[in-house]
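Here's a quick back-and-forth for anyone who likes to know where a label comes from. Have a look at the model before reading on.

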Amino acid sequence: LCALEKLEELQLGGNNVSVFPAGMKRMTSLTKLSLTANKLKMFPSQICELPSLKTLDVSRNQFNFLPLEIRYLTSLTDLNITENSLKSITAHVGAL
């Protein structure tokens, strides 16, 4: 899957994913990524290395904070983080 560097959209919702593969950061053409309804306990920092990402759905997982690196997703226009265990939303999310 990580070898699909030209892939633009990836739907992995509802697959019990608990670890985001490190090699996914090579998918630099990805514009839409859905990881909804999985078992992610931490926000995958590799996502923050996807420069073309416009739509990100990480709803219905189990993480309680967003990494500071999320501010590097400068192309992001749609972010769904509902139904997680987030304690707070910090200013770096508001700067997107």
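The questions below go through some of the terms used for this predicted model.

Q: What makes the protein as compact as a globular protein of its length?
A: The protein runs β-β-β-β-α along the sequence. Its radius of gyration is 12 Å, close to the 12 Å that the globule rule gives for 96 residues, so it counts as compact as a globular protein of that length.

Q: Which residues have the most contacts inside the largest nonpolar core?
A: That core has 25 residues, and the ones with the most contacts inside it are Leu33, Leu35, Phe43, Ile47, Leu53, Leu56 and Val58. To be in a core, a residue has to be buried, which means under 20% relative accessible area. Across the protein, buried residues make up 39% of the 96 residues.

Q: Why does Asp57 have no salt bridge?
A: A salt bridge needs a side-chain nitrogen of Lys or Arg within 4 Å of a carboxyl oxygen. The nearest side chain of opposite charge to Asp57 is Arg60, 8.1 Å away, so the cut-off isn't met. Asp57 is buried all the same.

Q: What makes the link between the side chains of Asp57 and Ser59 a polar contact?
A: The distance is 2.7 Å, and the cut-off for a polar contact is 3.5 Å, so the pair qualifies.

Q: Where is Asp57, and what does it touch?
A: Asp57 is in strand β3, residues 55-57. Leaving out residues up to four places away in sequence, Asp57 touches Leu33, Ser34, Leu35, Thr36 and Asn80.

Terms used
Residues are numbered from 1 along each chain as its sequence is written. This is a predicted model: local features need pLDDT of at least 70, side-chain atom pairs count only at pLDDT 80 or more; totals for chains, interfaces and linings use all residues. Side-chain values use heavy atoms; hydrogens and water are left out. A nonpolar core is a set of buried Ala, Val, Leu, Ile, Met, Phe, Trp, Tyr and Cys residues joined through side-chain atoms within 4.5 Å. Buried means under 20% relative accessible area, exposed over 50%, partly exposed in between (1.4 Å probe, protein chains only). Helices (H or I, at least four residues) and strands (E, at least two) are DSSP runs, numbered from the N terminus. Lys and Arg count as positive and Asp and Glu as negative; His and the chain ends are not counted. A polar contact is a pair of N or O atoms within 3.5 Å; within protein, one must be able to donate a hydrogen and the other to accept it, and residues adjacent in sequence count only if both atoms are side-chain atoms. Contact means heavy atoms within 4.5 Å. The radius of gyration is taken over C-alpha atoms; the globule rule is 2.2 Å times the number of residues to the power 0.38.
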